[in-house]
Amino acid sequence: MKSLNIILLGVAGRMGLSNLTYISKHGDLFRLAGVLEHVGHRFVGKKLGEVFNALTLSDYQKEMVVVEQLEQLGELHDQSSAVVIDFTKPAATLAHLEKLAHLEKAKKKNAKLKWVIGTTGFSDKQKEVLMQHSCERAIVFSGNFSLSIALLMHFVNQAARVFPDSDVEVLETHHREKKDAPSGTAFMLADAAKKGRSALGMDAELVCGRKGSDAKRKKEEIGLAALRGGSVVGEHSVCFFSDHDQIALSHTAHSRELFSVGAFQAARFVASCESGFFSLQDVISDKLAN
Ligand SMILES: NC(=O)c1ccc[n+]([C@@H]2O[C@H](COP(=O)([O-])OP(=O)(O)OC[C@H]3O[C@@H](n4cnc5c(N)ncnc54)[C@H](OP(=O)(O)O)[C@@H]3O)[C@@H](O)[C@H]2O)c1
């Protein structure tokens with residue numbers, strides 16, 4: 001298989017490091033074409049070999065310099081076959097996409113860099129802007145790049161159709177530092193159940209937590225509950241309770257590398273697309289087909 005050029009944004013971050021580690025182990029499949037951090041970051045101008053000396057990098061990777069602007073990544077038209085993997089923050093993702101669109105327009109380029117977005121926390125309005133960019137450029141966007149979660153969503157959707165009378169509840173557990181609750185992934189799973197119910201003409205309502213003397217469960221509810229503690233990377237369960245039994249579809253994350261596995265698979269997928277907005281489900285759709 002031809003090796004695919006990859007540009008990593010936010011290379012000094014937790015996911016940036018995970019992605020760099022992944023590419024250092026899969027040099028036969030992926031080639032590092034550029035690494036970027038934000039303006040003024042302490043790694044900018046330094047070689048990867050200097051700042052990541054604990055990693056086993058190949059010689060060309062060690063010599064690669066961290067840049068702060070997309071145009072410093074060399075002639076962008078030479079990079080049109082490359083894929084950007086972006087785990088940064090919403091404002092950064094949007095600013096880089098905007099800048100690149102401007103640069104490409106100025107150079108009258110037709111071929112566009114492809115983008116894999118793992119960044120989370122976009123507002124609905126910001127998501128609309130991402131969608132607009134996808135009219136010109138192929139983008140894979142997922143709030144969770146675990147292939148297992150993508151598969152779990154498929155199972156949850158199926159189970160919601162097969163068991164229309166069951167009560168659906170989503171339970172998630174994360175480390176004590178996590179800011180948002182319930183997690184974005186818990187919402188993705190609840191949405192998968194909701195879509196399954198919609199296919200049956202049912203209108204389910206998502207309900208976060210229960211409290212008080214009038215908190216009895218309604219039939220059409222999909223409940224979400226969150227536990228916080230310790231250093232748990234992430235646990236999600238979707239339970240279907242009937243009067244006779246219950247099933248639980250569960251996933252436990254052990255390390256961030258699982259997100260890198262999915263992101264690089266998404267990069268391989270998006271490299272062959274011209275434009276469009278894709279999910280991780282699209283990436284694995286050929287494997288889900290009968
Ligand atoms: N989709 C998934 O599967 C998944 C999985 C894990 C995490 N995430 C999401 O991915 C994002 C990053 O997570 P993380 O844990 O890696 O966070 P992190 O450790 O804070 O890493 C983000 C990196 O991006 C850098 N950055 C900020 N602005 C930038 C810019 N304009 N250009 C380039 N780099 C910039 C940050 O630098 P500074 O630290 O100096 O600001 C930092 O090094 C978050 O939104 C997180 O929720 C998604």
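# A guided tour of the model

Begin by selecting H174, which stands opposite R228 in β8. The model on screen is predicted.

**The paired strands**

Extend the selection to strand β6, residues 167-174, and to strand β8, residues 221-228. These two strands pair in the parallel sense, and seven bridges join them. Next, add strand β7, residues 205-208. Strand β7 also runs parallel to β8, and here the connection consists of four bridges. To find a reference point in this second pairing, select C208, which stands opposite L224 in β8.

**A cis peptide bond**

Now select A181 and P182. What kind of peptide bond joins A181 and P182? The bond is cis, with omega at about -10°. Most peptide bonds are trans. To place P182 in the fold, look at the loop between β6 and α7, the helix of residues 184-198.

**The annotated domain**

Select residues 149-284. According to the UniProt annotation, from an unreviewed entry, this span is the domain "Dihydrodipicolinate reductase C-terminal". Helix makes up 35% of the span and strand 29%. Mark the C-alpha atoms at the two ends of residues 149-284: they lie 11 Å apart.

**The ligand and its surroundings**

Turn to the ligand and display the residues around it. How many residues surround the ligand? There are 22, and the closest are M15, E37, H38, T120 and F145. Colour this shell by class to see seven nonpolar, twelve polar and three charged residues.

Three distances may then be drawn. For the first, select H96: a polar atom of the H96 side chain lies 2.9 Å from a nitrogen atom of the ligand. For the second, select G143, where a polar backbone atom is 3.2 Å from a nitrogen atom of the ligand. For the third, select F145, which has a polar backbone atom 2.7 Å from an oxygen atom of the ligand.

With a surface displayed, consider how far the ligand is covered. Taken alone, the ligand exposes 910 Å², of which the protein buries 75%. Which elements give two or more residues to the shell around the ligand? They are α1, residues 14-25, and α4, residues 90-106.

**The whole protein**

Finally, clear the selection and view the entire chain. The secondary structure of the protein amounts to ten helices and eleven strands. Along its principal axes, the C-alpha trace spans about 60 × 40 × 35 Å. The radius of gyration is 21 Å, which agrees with a compact globule, because a globule of 290 residues would have a value near 19 Å.

Key. Residues numbered from 1 in each chain as written. Predicted model: local features only at pLDDT ≥ 70, side-chain atom pairs only at ≥ 80, totals over all residues. Heavy atoms only, no water. UniProt positions renumbered as here; feature names shortened; annotations may be inferred. Near = heavy atom within 4 Å. Polar contact = N/O pair within 3.5 Å; in protein donor to acceptor, adjacent residues only side chain to side chain. Areas by Shrake-Rupley, 256 points an atom, 1.4 Å probe, with all protein chains shown as cover. Nonpolar A, V, L, I, M, F, W, Y, C, P; charged D, E, K, R; others polar. Pairing = 2+ DSSP bridges. Rg over C-alpha atoms; globule rule 2.2 N^0.38 Å.
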